[in-house]
Amino acid sequence: MNTPYSWIKAYVPDLDVTPQEYTDAMTLTGTKVEGYTRLDKNLEKIVVGEILSIDPHPDADKLVVCRVDVGSEVLQIVTGAPNVAVGQKVPVVLDGGKVAGGHDGGPMPEDGVRITAGKLRGVMSYGMMCSIEELGSSRDMYPDAPEEGIYILPEDAEVGADAVELLGLHETVFEYEITSNRVDCYSVLGIAREAAATFRKEFVPPEVRTVGNREDVNDYIQVEVKDGNLCPRYCARVVKNIRLAPSPQWMQRRLAACGIRPINNIVDITNYVMEEYGQPMHAYDLDQVAGHKIVVKRAEDGQEFQTLDGQVRKLDSNVLMICDGEKAVGIAGIMGGENSKITDDVHTMLFEAACFDGTNIRLSSKRLGMRTEASGKFEKGLDPNSAEEAINRACQLIEELDCGDVVGGMVDVYTTALGPKRIAFRPDWANQFLGTDIPKEEMLKYFEKIQLEYDEVTEEVIVPSFRQDLECEADLAEEVARFYGYDKIPTTLPRGEATTGKLSFKLRVEEVARDVAEYCGFSQSMTYSFESPKVFDKLLLPADDPKRQAVTILNPLGEDFSIMRTLPLNGMLTSLATNYNRRNKNVRLYELANVYLPKSLPLTELPEERMQFTLGFYGEGDFFMMKGVVEEFFDKIGLHGRMAYNPEAGKPFLHPGRQAEFSYQGQVLGYLGELHPQTAENYGIGERAYVAVIDMPAVLPLANFDRKFEGIAKFPAVTRDLSMVVPHHVRVGQIEEILEKKGGKLVESYHLFDLYEGAQIQAGFKSVAYSVTFRAKDRTLEDKDVNAVMSKILSALAELGIELRS
Amino acid sequence: MKERLEQVCQEALARLETADSMEALNEIRVAYLGKKGKLTEILKSMRDVAPEDRPKVGQLVNEARAQLEGRLDGRKRELAAKAREEQLRSETIDVTLPAKRNLVGHRHPNTIALEELERIFIGMGYEVIEGPEVEYDYYNFEALNIPANHPARDEQDTFYINKDIVLRSQTSPVQVRTMEQQKPPIRMIAPGRVFRSDEVDATHSPCFHQVEGLVIDKGITFADLKGTLQDFARELFGPETKVKFRPHHFPFTEPSAEMDVSCFKCGGKGCRMCKGSGWIEILGCGMVHPKVLRMSGIDPDEYTGFAFGIGLERITLLKYEIDDMRLLYENDDRFLRQF
């Protein structure tokens, strides 16, 4: 929404503020001004000049030398414009003045173009005659400007006068961001009403008279509305003896300032009233309306219709149509038809001002892919009462500007009139709600300015129909607050019962995950929750893998973002690949984010969201480094016991011999491994990469932050080294399991200090050496204690084919 | 005898002064004080001395011995000190050589900003609550006073799974879930991912984060909302920060406002960051709409409350002067290392 300052001032005559004051104050009462443009920003020293003589340039065929009277003096000006003639009045920028742009209408420089006296092909020129483009506008907005050359001013222009003034360019245009609830502010009058209330000035809307001759409109047109829900009101008036001509300068200037191109008096009046009242109107050539009858009804499914832009549209029964006695003539509220549009030889015109159901218009225009100026207004849900006012205003302008003869009367199909509503309002409650102490009289003054009445008897506010956004007492409190000033409302803190600020246990565990990952050199990454269904192939998942069952987005941004991830790896691997491609070395990343697992497809209830702690790296490090990070995390969240690693993790995207699923107390918590070379290739990661995925919901029930001091050992430890010859297929994890199980409480710790396979060891075996530390809490261990345990351990080891090295 | 003693003694002392190693000192000790040492020999020759003179001579010998031993110890200490000094001198390092640092990872700037927000609100007694990212239409819209076909639904460009399930377009549904589950007083913030179908560019991402806030209690006022958010802004951006509340519209709050803070880069004078205005828009807020309270099972005649929603990425980009939102989701190591 744009409005020129002068148009607002037309309805708030006492308004006298700078553009910045206007911007700030309006924004603080809720009509947000996004910005403003001064049309004369770069127009300096531009006056009306009269061309006294034109002589050929001695050295240039395409240039002429003019003598121009600018009031204070007569200047010699050289020009190349083809359209100059003696006696013409033209805008002249004087030596040292400024214009907005070049004569070709290209992009305008921020600071304009400074004009100074200088020689043109050897002849002095003391200024410049201006085209409309040089004045910062265009032929679209000044249709009377020549296609090429100098803008010619009216003959009665006073020589030496301010040409910018004459052109209506001493103007500031404000751009607003109107919130969707304030339908009334999508109009000049609505904004002017807010401006009057903001600056506490009088609001003087145009006085609308009902004009018309002695004829009766009902003799010209009949209207039938078949669907009153979709069309609560339909007003029609008729104008005959149309006299098409350009509209007056003042109207053209106001439309141009709003960015609307002046066309002719009838079109301009329609647009003018649409801006003024926010009410779109449509004009039909009455002679093309069969049976002089209008029927408002739903379209047939599959019906086709050619709109006035020449396009054929396919309709359905939810689209509301304007029809005549035989055929459709327009899509209600969106666009008229080719068959009834106004042409230059129109004689009698039917004016329509209606109110259509906003939602229906919005949905229809979306379905048809047609968003027009009119539909943009209707879809917000207009006040049916503004239709009558707007159509009368238009007819009044038609008469005032003598564009035709208005036929008396109006056809008005308005079954359920929308009257003002009443909302209970307690000033004390409002003060309590806002935390203010505003006197009731003050509140009522604010209301009065925006045309809200207060009924003292019933203690109700009477709300006019154009404020459909006001529904409850809290809405009225807002009206009070914004005119009292949000800035004047005090700042306090909530009193009442204290509450405990805290993070949930889940969030605390995630915090530890971040800490551990970062201490171990991993940086936090964030990736999108949706991805392409192609990732399953990239990750080598078999066709029947349950992880391929993903939640699908109906309206994704494209196939690449169309499913909700069921695995966290794609984001991680994509990020690693990005880094690899950018030649970043030794990259370690982690992410904490959800995967989305549907309970059934298609979705009938919300999918399960499982937080995944994913780590990935390439560069320095190996499988066991990653394993260390995982164990460090588990240790920090209280999982102090032994993790079990199962090499049969079954992850197709990982190296088959370098992957493991890990579990704790029988509960699977995640997996880790080296990336399968094929997966790495699919992502374009040219180095060995490792990933780990920890399923946080599985971890949470096991995690705890309770710690108990166990004392520092008082009795000495006994250490025994176990040098073993172990069959190749036995994993050290199995040995450790035996050490734990058979060693019982006496085994304090153990550590692998040698692992060897090769020359001195017989084929099919490896040499494994552990150092085992025994200790009792309550006594010094004797050899016999340790020996008893050792023999249990050794016999269990023997069962696995393990022998001590001799 | 006495002369001989003195001579030996002088000789030994002289040698001690020139000895330059522990070994040399030891040799001297053996040469004079050892079993066959010169001083010991003098002692042995006592039998040649007249018995009445013996005590006196013995005393002389002992004195000489003590003198020698004392000096020997002194010399040992001197040499040890010199050796220590020598060692320290030889071990001098160039302390300006590069440090050996552990490879430590970096937190995502979004998380750093979020943790700061959480710290502030936890300090004010707010609980941090989470809600589902794939959400029922009811919680994302209906219960927030955005019924079917409401224009606000178009404004938010929501991703749909089906007609009842959406990717939440805001964290506000957590308000409703919290009000359904908890009795007032409620003070909570709900950070999390939200989704809107915006094409990716320097200022848009289809996946981003919001932090919702909700306070419900008896007698909560608009002034409380202002005071709380002003305190928050001063904590986050510094004590000099000014705030400005502008009327706005959200379907689920009434009155509604947007809050601007004085530009923390230029202090309000106007710069590139605040586009010359001196103010930066930070969040949307308002008093919880009575309809929303009622739908969530809270009696609006008994309780009032306020809610606010902060775009986390907005805070992150502003606070760390990041000029392109895409950087947040690319995870380039060279980017992450700067936080």
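What follows is a short chat between a colleague and a modeller about two chains of a predicted model.

Modeller: Ground rules for this predicted model: local features need pLDDT of at least 70, side-chain atom pairs count only at pLDDT 80 or more, and totals for chains, interfaces and linings use all residues. Residues are numbered from 1 along each chain as its sequence is written, with chains lettered from A and ligands numbered from 1 in the order in which they are written.

Colleague: Why is chain B called more spread out than a compact globule?

Modeller: Its radius of gyration, taken over C-alpha atoms, is set against the globule rule, 2.2 Å times the number of residues to the power 0.38. For 339 residues the rule gives 20 Å, and chain B comes to 43 Å, well over that, so the chain is more spread out. The C-alpha trace spans about 135 × 45 × 45 Å along its principal axes.

Colleague: What makes up the domains of chain B, and how many Å separate their centres?

Modeller: Domain 1 covers 2-90 and domain 2 covers 109-336, with bounds from an automatic or database domain assignment. Their centres, over C-alpha atoms, are 90 Å apart.

Colleague: Why is A:Ala424 called partly exposed?

Modeller: A residue is buried if 20 or more other C-beta atoms (placed from the backbone) lie within 10 Å of its own, exposed if 12 or fewer, and partly exposed in between. A:Ala424 has 13 such neighbours inside 10 Å, so it counts as partly exposed. Leaving aside neighbours within four places in sequence, A:Ala424 is in contact (C-beta atoms, placed from the backbone, within 7 Å) with A:Glu459, A:Glu460 and A:Glu473.

Colleague: What makes H9(A) largely enclosed by the rest of the structure?

Modeller: 14 of its 17 residues are buried, so the label follows. Helices here are DSSP runs (H or I, at least four residues), numbered from the N terminus. H9 of chain A, residues 384-400, reaches 25 Å from its first C-alpha to its last, close to the expected 24 Å; that expectation is 1.5 Å times one less than its number of residues. Just after H9(A), A:Asp402 takes a positive phi of about 55°.

Colleague: Which residues touch the most other members of the largest nonpolar core?

Modeller: A nonpolar core is a set of buried Ala, Val, Leu, Ile, Met, Phe, Trp, Tyr and Cys residues joined through C-beta atoms within 7 Å. The largest has 199 residues, and A:Met349, A:Leu350, A:Phe351, A:Ile391 and A:Ala394 touch the most other members. A second, separate core of 72 residues includes A:Val551 and B:Leu328.

Technical notes:
Contact = placed C-beta atoms within 7 Å. Helix = DSSP H or I, 4+ residues; strand = E, 2+ residues; numbered from the N terminus.
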